Amino acid sequence: MRSQAGNMAESCAWLLVLSTVFICNLFKSQLHALSSIVSKLLQKDVEQEHQMRADIQIMRQELTCISMMDEFARYARLERKINKMTDKLKTHVKGRTAQLAKIKWVVSIVFYVLQAALMISLIWKYYLEPVTVVPSKWIAPLERLVAFPTGVAGGVGITCWLVVCNKVVAILLYPIS
């Protein structure tokens with residue numbers, strides 16, 4: 001019973017690797033959206049930015065109603081106030097943009113570290129045994145290359161299987177990304 005369950009698990013190794021590669025590539029294609037979600041959760045100043053934009057718009061409308069010739073002092077004061085608020089908004093946007101870039105960078109680094117750890121663990125697990133075995137004539141001229149590092153005749157090694165899975169999954173997920 002134990003050996004049959006073990007054989008079943010080993011025969012599904014190709015599916016485990018394929019599904020792992022698929023999930024990793026799916027997350028990679030959605031990394032930008034994930035970064036945006038994380039940044040929205042961490043940034044609370046967006047409402048203040050919207051309020052500043054609305055205030056500037058109101059002041060600009062008010063400025064159009066003031067005659068520059070008749071009320072120069074009031075016009076100049078309001079114009080300075082608009083310029084000051086605009087500069088403050090630009091500084092605020094630059095800070096938020098820098099914070100967003102940091103968040104995207106951190107999310108990307110965490111993802112790639114986790115993906116590398118996962119791939120290394122798969123390579124470690126299937127280093128000496130083939131992921132799957134196919135008839136030798138299917139891979140005849142490249143049999144040794146495909147079987148690397150296992151050396152099993154007709155076997156598909158983890159390195160070859162990872163390369164194939166990555167390419168196929170990338171092609172399949174291209175429309176999503």
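**Reasoning from cut-offs in a predicted model**

Student: Why does Arg53 count as partly exposed?

Tutor: In this predicted model, Arg53 has a relative accessibility of 40%. Buried means under 20% and exposed means over 50%, so Arg53, at 40%, counts as partly exposed.

Student: How do you know whether Glu49 is buried or exposed?

Tutor: The relative accessible area of Glu49 is 4%, and since the limit for buried is under 20%, Glu49 is buried.

Student: What makes the contact of Glu49 and Arg53 a salt bridge?

Tutor: The definition asks for a side-chain nitrogen of Lys or Arg within 4 Å of a carboxyl oxygen of Asp or Glu. The side chains of Glu49 and Arg53 meet with an N to O distance of 3.0 Å, and therefore the pair qualifies. The two residues are 4 apart in helix α4 (residues 46-65), which means a separation of about one helical turn.

Student: Which residues are linked with Glu49 in a network of salt bridges?

Tutor: Glu49 is linked with Arg53 and Arg96 in that network. The side chains of Glu49 and Arg96 meet at 2.7 Å, N to O, a value that satisfies the 4 Å limit. Because Glu49 lies in helix α4 and Arg96 in helix α5, this pair ties together parts that are 47 residues apart in sequence. Arg96 itself has 23% relative accessibility, so Arg96 counts as partly exposed.

Student: Why is Val156 called buried or exposed, and which is it?

Tutor: Val156, which is found in strand β2 (residues 155-156), has a relative accessible area of 7%, and because this value falls under 20%, Val156 is buried.

Student: And what does Leu172 count as, buried or exposed?

Tutor: Leu172 is found in helix α7 (residues 158-173) and has 58% relative accessibility, which is over 50%, so Leu172 counts as exposed.

Student: What makes up the lining of the largest pocket, by class?

Tutor: The lining has 10 nonpolar residues, 1 polar residue and no charged residues. Among the lining residues are Ile23, Phe27, Val110 and Gln115. Gln is outside the lists of nonpolar and charged residues, so Gln115 counts as polar. Helix α5 gives the most to this lining, with 6 residues, and the pocket holds about 190 Å³ of space.

Student: How do you know that Val110 may belong to a nonpolar patch on the surface?

Tutor: Patch residues need over 30% relative accessible area, and Val110, in helix α5, has 45%, so Val110 passes that cut-off and is partly exposed. Val110 forms the patch together with Trp105, Val106, Ile109, Val113 and Leu114, with about 600 Å² of accessible area together.

Note on methods. Residues are numbered from 1 along each chain as its sequence is written. This is a predicted model: local features need pLDDT of at least 70, side-chain atom pairs count only at pLDDT 80 or more; totals for chains, interfaces and linings use all residues. Side-chain values use heavy atoms; hydrogens and water are left out. On a 1 Å grid over the protein atoms alone, a cavity is a set of points where a 1.4 Å probe fits but cannot get out, and a pocket is an open set with protein on both sides within 12 Å along at least five of seven lines; lining residues have an atom within 4 Å of a point. Grid points are joined across faces, edges and corners, and a volume is the space filled by probe spheres set on the points. Patches are made of residues with over 30% relative accessible area and no salt bridge: like charges are joined within 9 Å, nonpolar side chains (Val, Leu, Ile, Met, Phe, Trp, Tyr) within 5 Å. Accessible areas come from the Shrake-Rupley method with a 1.4 Å probe; for residues, only the protein chains shown count as cover. Buried means under 20% relative accessible area, exposed over 50%, partly exposed in between (1.4 Å probe, protein chains only).
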